[in-house]
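This report describes one protein chain, moving from its secondary structure to selected buried residues, annotated positions and a pocket. The sequence and the coordinates appear below.

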Amino acid sequence: MSGPSMLPTLANSGEVIIEDCLTYRLFPHKLARGDLIILESPIAPGRMICKRIIGLPGDTICVDPTGQYAPSTEHVVVPKGHIWISGDNAAASRDSRMYGPVPIALVKGRLFARIWPPQSFTIFKNPVTYIE
């Protein structure tokens, strides 16, 4: 599910991840910048993808800081009911840089922890506290 777009955070295979679907469904307003989420692909219905939340409704986001798909000076305001998502490996990720803001309704859950292999045990914490 992660594919090359979430390297180096997640491997392509061999990991067991705990997904938190219940908390998200009870408290959808708890989504935060930096969260790793599982969502239905906005361009391939029925396909699940894993991405990181970069922007929340009302945030002004640089469309593509890498300059690969849009000038790094181009910005967009994330509309109500939507989020801006990105893969951790920008060079290999299909994300909001290509298809724009994504409806929050596509989010199915949030990644909580990596439990396998044991030496890679990680509780995913949200490293983002502000927007630069």
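## Strand E2 and the overall fold

Leu39 lies in strand E2. The model in which Leu39 is placed is a predicted one. With a relative accessibility of 0%, Leu39 counts as buried, because buried means under 20% relative accessible area. The C-alpha atom of Leu39 is 9.6 Å in space from that of Val102, although 63 residues separate the two in sequence.

A second pair of residues can be described in the like manner. Leu31 belongs to the loop that runs between helix H1 (22-26) and strand E2 (36-40). Leu31 is buried, its relative accessible area being 7%. Between the C-alpha atoms of Leu31 and Ile83 there are 9.5 Å, and these residues stand 52 positions apart along the chain.

The chain as a whole contains 2 helices and 9 strands. Their order along the sequence is β-α-β-β-β-β-β-α-β-β-β. The chain has 132 residues, of which 39% count as buried.

## Annotated positions and polar contacts

In the unreviewed UniProt entry, the annotation "active site" covers Ser5 and Lys51. Such annotations may be inferred rather than shown by experiment. Lys51 is placed in strand E3, which spans residues 48-55. With 4% relative accessible area, Lys51 is buried.

Which side chain makes a polar contact with the side chain of Lys51? The partner is Ser93, and the contact has a length of 3.0 Å. Ser93 sits in the loop between strand E6 (82-86) and helix H2 (96-99). Ser93 is itself buried, at a relative accessible area of 1%.

Helix H2, at the end of that loop, contains Ser96. Ser96 is buried as well, with a relative accessible area of 1%. A polar atom of the Ser96 side chain lies 2.9 Å from the backbone nitrogen of Ile85.

The burial values of several residues are collected here.

| Residue | Relative accessible area |
|---|---|
| Leu31 | 7% |
| Leu39 | 0% |
| Cys50 | 2% |
| Lys51 | 4% |
| Cys62 | 19% |
| Ser93 | 1% |
| Ser96 | 1% |

## Cysteines

Two of the tabulated residues are cysteines. Cys50 counts as buried at 2% relative accessibility. Cys62 has a relative accessible area of 19% and is also buried, because the cut-off for that class is under 20%. How many disulfides does the structure hold? The number is 0. A disulfide is a covalent bond that joins the sulfur atoms of two cysteines.

## The second largest pocket

The second largest pocket encloses about 210 Å³ of space. Its lining comprises 15 residues, and those closest to its centre are Ile54, Cys62, Pro65, Ser86 and Arg97. Strand E4 (60-62) and strand E6 are the elements that each supply two or more residues to this lining. Strand E6 gives the most, with 3 residues. By residue class, the lining of the second largest pocket is made up of 8 nonpolar, 3 polar and 4 charged residues.

Cys62 thus links two parts of this description: this cysteine is buried, and Cys62 is among the residues closest to the centre of the second largest pocket. Strand E6 likewise recurs, since the loop that holds Ser93 runs from this strand to helix H2, and strand E6 contributes 3 residues to the pocket lining.

Methods. Residues numbered from 1 in each chain as written. Predicted model: local features only at pLDDT ≥ 70, side-chain atom pairs only at ≥ 80, totals over all residues. Heavy atoms only, no water. Disulfide = S-S within 2.5 Å. Buried < 20%, exposed > 50% of the residue type's maximum accessible area, 1.4 Å probe, protein only. Helix = DSSP H or I, 4+ residues; strand = E, 2+ residues; numbered from the N terminus. Polar contact = N/O pair within 3.5 Å; in protein donor to acceptor, adjacent residues only side chain to side chain. 1 Å grid on protein atoms, 1.4 Å probe; cavity = no way out; pocket = protein on both sides within 12 Å on 5 of 7 lines; lining within 4 Å. Points joined across faces, edges and corners; volume = space filled by probe spheres on them. Nonpolar A, V, L, I, M, F, W, Y, C, P; charged D, E, K, R; others polar.
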